[in-house]
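A close examination of one part of a model is requested here, together with its surroundings.

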Amino acid sequence: MSANTLKVSLAQIAPVWLDSTGTLAKVEDSIHQAGGEGSQLIAFGEALVPGYPFWPELTGGAQFNSAVQKDLFAHYSSQSVDIEAGDLQGVCAAAQEHSIAVYLGCIERPADRGGQSLYASLVYITPEGQVGSVHRKLCPTYEERLVWSAGDGHGLQVHDLEGFRVGGLNCWEN
């Protein structure tokens with residue numbers, strides 16, 4: 001591959017909805033496949049782990065004190081990613097094994113922010129298997145606001161990769 005080339009894979013996979021363990025296994029499989037084909041960067045879609053919260057649109061998501069909403073949100077929250085707790089260790093190991101950078105869309109519940117709010121996060125993992133940045137979606141859209149908290153600009157970073165500068169945004173931020 002020439003110095004002016006960056007081989008990128010776009011993983012068009014569906015989550016195992018509301019199952020972070022199952023979805024992360026699919027992510028790791030995709031990294032192994034892309035890495036085996038010589039990709040230097042693989043990107044996954046927004047909210048892949050554990051899936052997009054489409055239920056508020058279909059179930060009266062704004063109903064106050066609804067048992068259905070509380071149950072769905074509690075389960076969704078339990079399947080979110082806690083990076084500090086090591087939930088992405090397998091993904092980081094796969095990235096390191098194949099020297100491939102990863103952009104992964106996940107729902108994050110960061111302990112360092114109280115552990116209660118959920119963020120639509122875009123996590124950059126370096127080819128060395130380290131978390132390089134976590135960008136939390138600045139402003140969730142429509143019903144997403146019933147589930148996700150607003151992020152901030154702290155994670156808006158670009159990264160040098162094989163002579164290129166790469167970065168990522170979530171959904172309408174583009």
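A biologist's request comes next, followed by a single reply.

Biologist: Please look closely at helix H1 (residues 20–36). Which of the residues in H1 are buried, and what covers them? I should also be glad of an account of the core and of the elements around this helix.

Modeller: This is a predicted model, in which local features need pLDDT of at least 70 and side-chain atom pairs count only at pLDDT 80 or more, while totals for chains, interfaces and linings use all residues. Residues are numbered from 1 along each chain as its sequence is written, and side-chain values use heavy atoms, with hydrogens and water left out.

Helix H1 has 17 residues, and its end C-alpha atoms lie 24 Å apart, in agreement with the 24 Å expected at 1.5 Å a residue. Here helices (H or I, at least four residues) and strands (E, at least two) are DSSP runs numbered from the N terminus, and the expected span is 1.5 Å times one less than the number of residues. At the start of H1, Asp19 places a side-chain oxygen within 3.2 Å of the backbone nitrogen of Thr21; a polar contact is a pair of N or O atoms within 3.5 Å, where within protein one must be able to donate a hydrogen and the other to accept it, and residues adjacent in sequence count only if both atoms are side-chain atoms. Just after the helix, Gly38 adopts a positive phi of about 85°.

The buried residues of H1 are Ser20, Gly22, Thr23, Leu24, Val27, Ser30, Ile31, Ala34 and Gly35. Buried means under 20% relative accessible area, exposed over 50%, and partly exposed in between (1.4 Å probe, protein chains only). Their cover includes strands S1 (8–10), S2 (41–43) and S3 (101–108), as well as helix H4 (89–98).

One of these buried residues, Ile31, is also prominent in the largest nonpolar core, which has 23 residues; Ile31, Phe44, Val91, Val102 and Leu104 touch the most other members. H1, H4, S3 and S4 each supply at least two residues of this core. A nonpolar core is a set of buried Ala, Val, Leu, Ile, Met, Phe, Trp, Tyr and Cys residues joined through side-chain atoms within 4.5 Å. In soluble globular proteins, nonpolar side chains tend to be buried together. Val91 shows the link back to H1: leaving aside residues up to four places away in sequence, Val91 touches Leu24, Val27, Glu28, Ile31, Val102, Leu104 and Ile125, contact being heavy atoms within 4.5 Å. Apart from this core lies another, of nine residues, with Leu18, Ile107, Val147 and Trp148 among them.

The loop between H4 and S3 contains Ser99. Phi of Ser99 is near 50°, a positive value in a residue other than glycine, and Ser99 counts as partly exposed because its relative accessibility is 47%.

Ile125, one of the contacts of Val91, has Val131 of S5 as its bridge partner. Strands S4 (residues 119–125) and S5 (residues 131–136) run antiparallel and are joined by five bridges; two strands pair if DSSP finds at least two bridges between them. S4 and S5 form a hairpin with five residues between them, and Gly129 in the turn has a positive phi of about 85°.

Asn170, in the segment after S7, is buried at 1% relative accessibility. A polar atom of the Asn170 side chain lies 3.4 Å from the backbone oxygen of Ala120. Beyond residues up to four places away in sequence, Asn170 touches Glu46, Ala120, Ser121, Leu122, His135, Arg136 and Lys137.

The structure holds six aromatic pairs. Tyr103 and Tyr124 form a tilted pair, 4.9 Å centre to centre with 50° between the planes; this pair links strand S3 to strand S4 across 21 residues. Rings of Phe, Tyr and Trp (its six-membered ring) pair if their centres lie within 6.5 Å; planes under 30 degrees apart count as stacked, over 60 as edge-to-face and the rest as tilted. Tyr103 is buried at 7% relative accessible area, and Tyr124 is buried at 2%.
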